[in-house]
Amino acid sequence: MDTCKRCFLLSLAFLMVFFENLGTNVVFGFNGNYKHHSPHFSTSQGIYDMEDVEDDGWQMVETKGNQFIVNGQPFYVNGFNTYWLMVMAADQSTRGKVSEVLQQASSVGLTVCRTWAFNDGQWRALQKSPSVYDEEVFKALDFVVSEAKKYKIRLILSLVNNSDAYGGKPQYVKWGKAAGVNLTSDDEFFSHPTLRSYYKAHVKAVLNRANTFTNITYKDDPTIFAWELMNEPRCTSDPSGDTLQSWIAEMAVYVKSLDAKHLVEIGVEGFYGPPAPARAQFNPNSYATQVGTDFIRNHQTLGVDFASVHIYADSWISQTISDAHLQFTTTWMEAHIEDAEKYLGMPVIFAEFGVSSKDPGYNSSFRDALISTVYKTVLNSTKKGGSGAGSLLWQLFPKGMDNMDDGYAIVLAKSPSTLNLISLHSSKLAIFNSMCSWKCHWGCKKKNALETIIYHDDL
């Protein structure tokens, strides 16, 4: 289909969805499915089948300046985290929960999911010992990737954890000690050659994996949005940041040597360290300066394609809910968007954000206010063509998984107001993503036609 015609039809479809979202409530069936039209599928009027666009454009995500692009078009992200997809897919009795959460996410226009491509030496371990894998669990990860493609959701796959949850760097240290390596700190994960080699072997195994459902090698699969080096890396034994920086530099280049097609990000929380004393004022507390990371320095590393930031005011500032959390969120985000534009020249994704229902003073209205704050700050950047490229909720759950809820779970079937917030934000970003700004002359015309809707903060 002609690119300009596609853009025009997309605009009509998204506008209809947008007004549907404003004027109707979402209705749930008893089975938990949504009677709701999202911009991801076709509109109720049937003007345009979005599946045609998705199949035509299911190519690798790339960066162009400070934006993500797919097939030459902008790709702003409204996404989510669901870390447990692989371990739930490893058991046939729970595999349906993977499909359920992906279907629900797709129904409200979420397009990217961040999840774990690791489970080291634990329950339902993927990697039972260095370079020794449970094939059934690897097949479960294959299923996750294939199922994500089915629902047109791209995946950010994280390759190891900083903490001991699902193994992480402490498990690598245990393996090293079992092999006779003299290790005294978990942070030696970053510096000891043996542990670095263990990590590289895992990276190689995952990237070169041939999916048993699709027969596509992971490193060739556009379903994978990006590789994440580590979830929330910290190296408190070296507050200067030199140790962690050396590891990032080596591993980013190593991943690119195996897979030059996919994007790479680090997975840091966004704290400012000693290399950026002027920016430390934006840290949530003084401890954040001492964890061995620095947002600017880390993301200036060769091989790193975009920046990641996490937002947890209830963990970093105070557990008791207050408006100060919202103020911090805005300031924190704006500082990182500015740095991504001024120093990095790359997109930034706010890859985890949320609030725990276990916090004193918590209520769902505050959670909605936090989500709205994040979405508004992203949109303020998007409207200006800035580096604010998207956000990922922590975290989306289907019904019936209360035993795994860390307090942050969002169950859409139980949260209609939150669902509507997410869906509306998806609709807004989808309009930006339809503008074909890199390819066709419709971009400026459509911007004029749509700016009344997109630029109105009250909608």
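In which strand is R154 found? R154 belongs to strand β10, which covers residues 154–158. The structure described here is a predicted model. The protein has 459 residues, of which buried residues make up 61%, and its secondary structure comes to 14 helices and 17 strands.

**Overall organisation**

- Among contacts with a separation of 6 or more, 75% are accounted for by residues 24 or more positions apart.
- The exposed area of the protein is about 16,900 Å², and carbon and sulfur atoms supply 51% of that area.

**Surroundings of R154**

- R154 is buried, because its relative accessible area of 3% falls under the 20% cut-off.
- The R154 side chain reaches two backbone oxygens: that of Q59 at 2.7 Å and that of P222 at 2.9 Å.

**Nonpolar cores**

- The largest nonpolar core contains 108 residues. The residues with the most contacts inside this core are F80, W84, F189, Y199, W227, L229 and W247.
- Helix α5, formed by residues 135–150, contributes eight residues, the largest share of this core.
- A second core, separate from the largest one, has 15 residues and includes V112, L263, F306 and A389.

**Helix α8 and W247**

- Helix α8 runs over residues 242–258. Its 17 residues should span 24 Å at 1.5 Å a residue, and the end C-alpha atoms lie 25 Å apart, which agrees with that expectation.
- The buried residues of α8 are L244, Q245, W247, I248, M251, A252, Y254 and V255.
- An α-helix has 3.6 residues a turn, so residues three or four places apart point the same way.
- The buried residues of α8 pack against two helices, α7 (193–207) and α9 (295–299), and against two strands, β11 (224–228) and β12 (263–265).
- W247 is buried in α8 and is one of the residues with the most contacts inside the largest core. Apart from neighbours within four places in sequence, W247 is in contact with F189, F190, R196, Y199, L229 and M230.

**Strand β6 and its partners**

- Strand β6 (residues 77–81) is largely enclosed by the rest of the structure, because five of its five residues are buried.
- In a regular strand the side chains alternate between the two faces of the sheet.
- Burial in β6 applies to both faces, with V77, G79 and N81 on one side and N78 and F80 on the other. F80 is also among the residues with the most contacts inside the largest core.
- With strand β15 (residues 388–394), β6 pairs in the parallel sense over five bridges; within this pairing, N81 stands opposite W394.
- With strand β7 (residues 112–116), β6 likewise pairs in the parallel sense, over three bridges. The bridge partner of G79 in β7 is V112, a residue that is included in the second core.

**The β3-β4-β5 sheet**

- Three strands, in the order β3-β4-β5, form an open sheet with antiparallel pairing.
- The edges of the sheet are occupied by β3 (61–64) and β5 (73–74). Each edge strand has a single partner strand, so one side of each is left without a neighbour in the sheet.
- Strand β4 (residues 67–70) runs antiparallel to β5 and is joined to β5 by two bridges. In β5, Q73 is the bridge partner of V70.

How values were computed. Residues are numbered from 1 along each chain as its sequence is written. This is a predicted model: local features need pLDDT of at least 70, side-chain atom pairs count only at pLDDT 80 or more; totals for chains, interfaces and linings use all residues. Side-chain values use heavy atoms; hydrogens and water are left out. A nonpolar core is a set of buried Ala, Val, Leu, Ile, Met, Phe, Trp, Tyr and Cys residues joined through side-chain atoms within 4.5 Å. Buried means under 20% relative accessible area, exposed over 50%, partly exposed in between (1.4 Å probe, protein chains only). Helices (H or I, at least four residues) and strands (E, at least two) are DSSP runs, numbered from the N terminus. Contact means heavy atoms within 4.5 Å. The expected span of a helix is 1.5 Å times one less than its number of residues. Two strands pair if DSSP finds at least two bridges between them. A polar contact is a pair of N or O atoms within 3.5 Å; within protein, one must be able to donate a hydrogen and the other to accept it, and residues adjacent in sequence count only if both atoms are side-chain atoms. Accessible areas come from the Shrake-Rupley method with a 1.4 Å probe; for residues, only the protein chains shown count as cover.
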